[in-house]
Amino acid sequence: MAATERIVRLAGETDLEGFRRAARALLAEAVPPEQVSWAVGAEGMLDWSAAPSAAERAHEAREGEGRDPSAMRGNAATKGDDDARGDVGASRGRTVEPDPGARAADDPDASPAAFPAAERAAAAPAVRVPAAFVALCESVVLHRDPQRFALLYRLLWRLVHEPALRHDPLDPDLQRARGMEKAVRREQHKMTAFVRFRPIERGPGEAPLHVAWFEPEHHVVEATAPFFARRFATLHWAILTPERSVRWDGERLCFGPGARREDAPAPDAGEALWLTYYEHIFNPARLKRRAMEKEMPRRYWPNLPEARLIEPLTAEAARRSAAMLARGASLPARKLPKAASARVVASGRARPAPGERASAEGVPTEAAEGWRTLEELRAATDRCRECPIGEHATQSVFGEGPPHAPLMLVGEQPGDQEDLRGRPFVGPAGQLLDRALGQLGWERERLYVTNAVKHFKFELRGTRRIHKTPGQREVAACLHWLESEIERVQPRALVALGATAARALMGRTVGITAERGRWLVREDGREVLITLHPSALLRVDPAEREAAYAAWVEDLRHASEHAAER
């Protein structure tokens with residue numbers, strides 16, 4: 001007699017849990033892969049029962065006498081969860097829908113196949129497989145290949161009956177599954193890279209809804225949505241795709257049916273600005289068309305606003321590259337300062353005399369001579385555009401304190417509060433600094449407090465501005481402003497709060513952990529005390545914060561002699 005085929009009908013395209021339950025039940029009944037067919041149905045039934053026996057068919061015939069077959073199907077479709085857990089017997093060429101509950105009640109000798117499939121799955125023993133196979137299943141079920149469930153069950157069957165399979169990297173089934181896994185992960189990566197949101201304004205007092213249209217090759221929407229929830233946690237957004245859509249309301253992810261391209265919003269003014277930016281950063285000399293199309297395949301282009309610029313920009317690339325070469329090298333707008341040298345001050349060494357200093361080389365004449373007072377310097381920094389930071393900041397944050405202050409404290413850059421108020425060290429880090437100054441008995445009004453970088457560098461995350469550490473070129477572009485402050489204030493010593501300040505003052509990378517609490521000497525002869533930036537203490541584990549704060553105060557105490565000078 002020919003072997004009976006089982007049909008497993010899963011609840012959805014990514015029904016991994018349904019696959020696992022069905023696979024356990026099939027393994028418990030020793031059903032080989034070649035006798036199983038896998039399908040996906042909207043009715044959400046898991047079907048893996050054997051074909052009904054002759055007695056069962058006779059019982060069904062008796063139960064069905066006088067009934068309309070279509071009415072039986074309609075009744076079954078409205079029973080809800082009980083039938084969703086039921087078996088659907090399947091033989092080659094036809095599908096039968098028995099009532100397993102009725103058989104179980106009327107026939108005490110009914111076969112195990114007559115009981116609900118979910119109950120048999122729950123009773124099936126657990127199957128031990130390598131952890132890597134579980135992870136493989138999680139990715140492969142997201143693939144679009146209709147044979148993916150058959151492949152996974154075949155691999156599971158073989159892992160149970162052929163334990164050596166896990167050590168065979170050249171097995172065709174394993175290679176095919178790993179190829180699917182790689183394709184799914186690549187599609188998830190492309191989704192995170194190529195989704196483009198467009199805002200939709202809503203009612204008064206409501207935040208805009210940012211909507212994107214994307215056409216994934218595989219079933220990756222639900223698996224990739226948590227990335228966007230983390231990345232855009234403060235925004236309200238929705239991603240529409242042909243088969244599945246997701247929406248984030250600021251608290252939870254909600255999934256729904258697919259949508260049409262027409263449901264996505266039209267281009268807006270922000271998109272025109274993005275295209276202008278994309279056109280200006282395009283470097284024709286570095287164009288590699290084949291590599292570009294490998295990383296950004298053409299099938300994504302219809303949904304990428306910048307894709308419309310690719311053809312005209314690449315067509316002009318050769319001509320623009322030749323024009324760039326013909327122009328020759330350009331000279332920098334100004335000479336960057338030469339890195340200063342430093343040496344560790346030996347214990348007990350006398351401080352250099354105030355007159356023993358060397359002028360910083362490379363500082364522009366305009367910076368050294370064009371602005372005579374600190375107020376003139378302050379106004380000039382507000383207009384500075386020597387690096388991109390100044391373009392986006394609210395204002396420059398210049399130093400504050402009396403001219404000829406004996407001690408200058410130098411931080412990294414302004415924070416969000418400093419940028420809004422135009423004063424250094426007034427945010428959370430500044431409050432911690434004020435606490436330490438009070439504990440040391442230093443009067444802030446007698447110190448000069450400033451930063452190595454005069455504008456706030458940040459990145460937007462929703463409506464929040466998140467601090468970003470300035471790069472070396474940005475620190476170098478701002479260095480002449482700091483040197484000009486030092487020239488006008490003429491402090492006897494300086495305190496470098498953090499790595500950025502230490503690098504700007506010393507002209508080289510300084511290991512804060514190794515050098516903290518020690519005095520270094522600049523090329524101009526001034527001493528620099530190295531210690532942490534107060535914001536570093538805010539990131540310390542709360543249980544260790546007080547101890548870290550006490551150690552930081554002890555670092556600062558080394559400069560008490562300067563702070564007390566009048």
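This passage describes aromatic pairs, charges over rings, cysteines and one helix crossing in a predicted model.

Aromatic contacts were examined first. In total, 16 aromatic pairs are present in the structure. In one of them, formed by Phe228 and Phe232, the ring centres are 6.5 Å apart and the planes meet at 15°, and the pair is therefore classed as stacked, since planes under 30 degrees apart fall into that class. The two partners are not alike in their surroundings: Phe228, with a relative accessibility of 1%, counts as buried, whereas Phe232, with 24%, counts as partly exposed, because the buried class ends at 20% relative accessible area and the exposed class begins over 50%. Phe228 and Phe232 also belong to a cluster in which ring pairs link them with Phe197, Phe227 and Trp237.

A tilted aromatic pair is formed by Tyr549 and Trp552, whose rings are 6.2 Å apart from centre to centre, with 50° between their planes. Both residues lie in helix H24, which spans residues 542-557, and because they are 3 residues apart in this helix, about one helical turn separates them. Tyr549 and Trp552 are both buried. The ring of Tyr549 has a further partner, in that Arg435 lies over its face at 3.9 Å from the ring centre. A charge is likewise placed over a ring at Phe458, where the charged end of Arg465 sits 5.0 Å from the ring centre.

The cysteines were considered next. The number of disulfides in the model is 0, where a disulfide would require a pair of cysteine sulfur atoms within 2.5 Å. For Cys387, the nearest cysteine sulfur belongs to Cys478 and is 5.9 Å away, and Cys387 accordingly takes part in no disulfide. Cys387 is nevertheless buried, its relative accessible area being 15%. Cys137 is buried as well, with a relative accessible area of 6%.

Finally, the packing of two helices was described. Helix H8 (residues 148-161) and helix H9 (residues 172-194) have axes that come within 10 Å of each other and cross at roughly 135°. This angle lies outside the roughly perpendicular range of 65 to 115 degrees and is not over 145 degrees, the limit for roughly antiparallel, so that H8 and H9 are oblique to each other. The crossing formed by H8 and H9 is left-handed.

How values were computed:
Residues numbered from 1 in each chain as written. Predicted model: local features only at pLDDT ≥ 70, side-chain atom pairs only at ≥ 80, totals over all residues. Heavy atoms only, no water. Phe/Tyr/Trp six-rings, centres within 6.5 Å; stacked < 30°, edge-to-face > 60°. Buried < 20%, exposed > 50% of the residue type's maximum accessible area, 1.4 Å probe, protein only. Helix = DSSP H or I, 4+ residues; strand = E, 2+ residues; numbered from the N terminus. Lys NZ or Arg CZ within 6 Å of the ring centre and 35° of its normal. Axes fitted to C-alpha atoms, helices over the stretch in contact; angles between N-to-C directions. Parallel < 35°, antiparallel > 145°, perpendicular 65-115°, else oblique. Left-handed = near helix turned anticlockwise from the far one by under 90°.
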